[in-house]
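Dear colleague,

Please find below the structure that I am handing over to you. The findings follow directly after it, arranged by topic.

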Amino acid sequence: PDRLRCALQRLRSAGEKADAVCCERMRGPMHRILLCLVFLLAGCAGGTGLSSSSKASQQTGPSGSDSYAFTNGRWFDGQGFQAATWYSAQGRLTRTPPQGKVETVDLSGLFVVPPFGEAHNHNVEGPWNVRAVAERYLKDGVFYVKNPNNVRDLALQIRSAVNRPTSIDATFAHAGLTGRGGHPIALYEDVLRLGRYEPAIGTVERGWFENRSYIVIETDADVETKWPVITSGRPDFLKVYLVHSEDDDATGTSGHSPQRSGLHPRLVAQIVAKAHAAGLQVTAHVETAADFRHAIRAGVDEIAHVPGWLVNSAADAESARLTEADARLALERHVRVVTTAVAGSAMPSVTGHHPHGHYEGHATGPSDHHATAPDESLSQVLKDNIALLHRVGVRVVVGSDHAETSLAEVMQLHRFHLFDNLTLLKMWCEDTPAAIFPDRRIGRFEEGYEASFVALAGNPIEDFSQVQAIRRRLKQGVLLDDQTVQNAASSAADHQGH
């Protein structure tokens with residue numbers, strides 16, 4: 001009875017928070033309702049299932065109820081590691097000993113860094129996998145995740161399972177904006193509908209994803225008339241698709257590319273202006289250098305891929321190559337760029353790939369989904385573009401698009417030898433979290449910042465592989481039991497998708 005009462009309260013609360021159009025669209029077959037109810041009951045029984053301190057708060061935001069003194073740790077200061085004692089009180093860092101009972105935690109010489117981020121991935125998506133995904137991310141020390149295209153209705157169901165001290169923190173764009181017939185329509189309707197969503201939620205009619213995972217924008221009037229749909233479910237930011245925009249004529253619609261298409265570039269500036277007026281940032285999917293230029297000139301805040309991430313021919317490589325002027329324009333406009341270096345390697349074939357960088361097994365198990373290495377001559381343009389952006393001073397952040405966590409992405413970047421260890425560490429633990437949550441005090445160890453860290457066995461500046469040697473985790477003042485998290489993640493991954 002108590003669990004049922006809790007579930008009904010959660011359901012009532014969720015109904016009050018979602019807007020009416022979303023509530024109407026979230027209705028579906030009885031098995032979907034039962035799935036949602038089972039998830040809510042599980043949430044009442046223990047959140048995401050991650051182990052934490054017995055007194056851990058279950059509320060959203062910095063709210064750790066215990067006070068800690070962390071001694072004998074070596075803390076990252078942006079340039080190196082310094083011995084220091086930090087305290088956690090009410091989920092915040094302080095140098096001042098808190099009043100009342102303070103538990104001392106001896107870090108025994110561990111190297112303490114801010115938690116890592118994932119600036120592009122679509123794997124935080126629904127009640128059937130949110131626990132396993134959160135546990136994998138926490139296991140790898142990745143506390144902050146950005147999903148730049150998702151099924152809105154499913155994301156609304158898991159809002160209470162994320163953005164809390166014992167889970168990951170996540171942001172969602174909901175439905176991406178594209179042109180008629182543009183990417184990612186075929187991805188959702190023809191590939192993911194059958195291979196990914198029906199096994200999880202049951203039969204899904206073709207066309208169900210429109211206005212839930214993608215919204216078609218063909219005219220200036222569409223931007224205005226569809227704005228209530230675009231902002232339904234209260235997205236944290238918006239996603240626009242520019243795909244081979246060099247093939248679009250000056251006044252016509254998208255769809256002239258012999259490959260794939262997206263929004264007509266002339267519509268993007270209007271979308272960006274309207275989004276900014278509503279307090280929403282805009283992320284742009286791009287594939288070519290022309291897409292990159294159109295997005296920058298339209299005023300987007302973030303580029304979701306470095307051009308060169310999806311290259312299948314010499315012609316693709318040529319169309320993806322950025323110029324010095326492109327990089328300097330991005331710097332001048334303060335646009336950040338997400339790496340997605342491993343996304344292209346997920347493609348099993350030119351004709352059979354998932355256009356998002358996903359393929360059918362994505363996020364259904366613990367493997368890294370390694371694919372055959374791409375032709376080195378074709379992947380060189382991606383490395384050259386990343387190197388150019390970094391050299392010019394563009395803010396480059398870490399996101400994988402398809403991998404289990406951003407650990408795979410950062411290790412790929414390490415293998416590229418484009419950054420020294422210090423630069424790569426700062427990108428992952430400072431710049432990426434700040435890009436996901438720009439208004440939060442995270443990514444550094446300073447007075448009043450959120451009390452979150454991962455403690456490593458060795459110095460990652462000397463040996464970058466030490467980022468995988470996590471010994472302790474603290475999130476918003478809550479100590480997570482690392483061994484229990486590892487065991488829970490392993491168990492959840494084994495059963496995920498069943």
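The model is a predicted one, and I begin with its packed helices. Helix α14, residues 406-416, and helix α15, residues 421-436, have axes that come within 11 Å and cross at roughly 155 degrees. Because angles over 145 degrees count as roughly antiparallel, α14 is roughly antiparallel to α15. The crossing of these two helices, α14 and α15, is right-handed. On the side of α14, the contact is made by Ser406, Leu407, Val410, Leu413 and His414; α15 contributes Asn421, Leu424, Met427 and Trp428. Sorted by class, the residues of the contact between α14 and α15 comprise six nonpolar, three polar and no charged.

Helix α12 takes part in two further packings, one with α10 and one with α13. The first of these brings together helix α10 (residues 289-298) and helix α12 (residues 324-332), whose axes are 10 Å apart and at an angle of about 25 degrees. Since an angle under 35 degrees counts as roughly parallel, α10 and α12 are described as roughly parallel to each other. Their crossing, that of α10 and α12, is left-handed. Here Ala289, Phe292, Arg293, Ile296 and Arg297 of α10 meet Asp326, Leu329 and Ala330 of α12. This contact of α10 with α12 holds five nonpolar, no polar and three charged residues.

In the second packing, α12 and helix α13 (residues 376-392) have their axes 9 Å apart, at an angle of about 50 degrees. That angle makes α12 oblique to α13. The crossing of α12 and α13 is right-handed. From α12, the residues Glu324, Ala327, Arg328 and Leu331 meet Leu388, Leu389, Arg391 and Val392 of α13. The contact of α12 with α13 is made up of five nonpolar, no polar and three charged residues.

I turn next to the strands. An open sheet is formed by three strands in the order β6-β7-β8, and the pairing is parallel. The strands β6 (116-118) and β8 (169-172) stand at the edges with a single partner strand each, so one side of each has no neighbour in the sheet. On average, neighbouring strands of this sheet are turned by 15 degrees against each other, direction ignored. Strand β7, which covers residues 142-147, is joined to β8 by four bridges, and the two run parallel. Val145 has Ala170, in β8, as its bridge partner.

The aromatic rings were also examined. How many aromatic pairs does a search of the whole structure find? The search finds 15. One of them is formed by Trp75 and Trp86, with ring centres 6.3 Å apart and planes at 55 degrees, so this pair is tilted. Trp75 lies in strand β1 (residues 68-76) and Trp86 in strand β2 (residues 81-89); the pair links distant parts of the chain, eleven residues apart.

Two details of the backbone remain. Most residues other than glycine have a negative phi, and most peptide bonds are trans. Where does the model contain a cis peptide bond? Such a bond joins His183 and Pro184, with omega at about 15 degrees. Pro184 is found in the loop between β9 (176-178) and α6 (185-201). The other detail concerns Ser108, a residue other than glycine whose phi is positive, near 50 degrees. Ser108 is located in the loop between β4 (103-106) and β5 (111-113).

With kind regards

Methods. Residues are numbered from 1 along each chain as its sequence is written. This is a predicted model: local features need pLDDT of at least 70, side-chain atom pairs count only at pLDDT 80 or more; totals for chains, interfaces and linings use all residues. Side-chain values use heavy atoms; hydrogens and water are left out. Two strands pair if DSSP finds at least two bridges between them. Axes are lines fitted to C-alpha atoms, for helices over the stretch in contact, and angles run from 0 to 180 degrees between N-to-C directions. Angles under 35 degrees count as roughly parallel, over 145 as roughly antiparallel, 65 to 115 as roughly perpendicular and the rest as oblique. A crossing is left-handed if the near helix is turned anticlockwise from the far one by less than a right angle, and right-handed if clockwise. Contact means heavy atoms within 4.5 Å. Ala, Val, Leu, Ile, Met, Phe, Trp, Tyr, Cys and Pro count as nonpolar, Asp, Glu, Lys and Arg as charged, and the others, Gly among them, as polar. Rings of Phe, Tyr and Trp (its six-membered ring) pair if their centres lie within 6.5 Å; planes under 30 degrees apart count as stacked, over 60 as edge-to-face and the rest as tilted.
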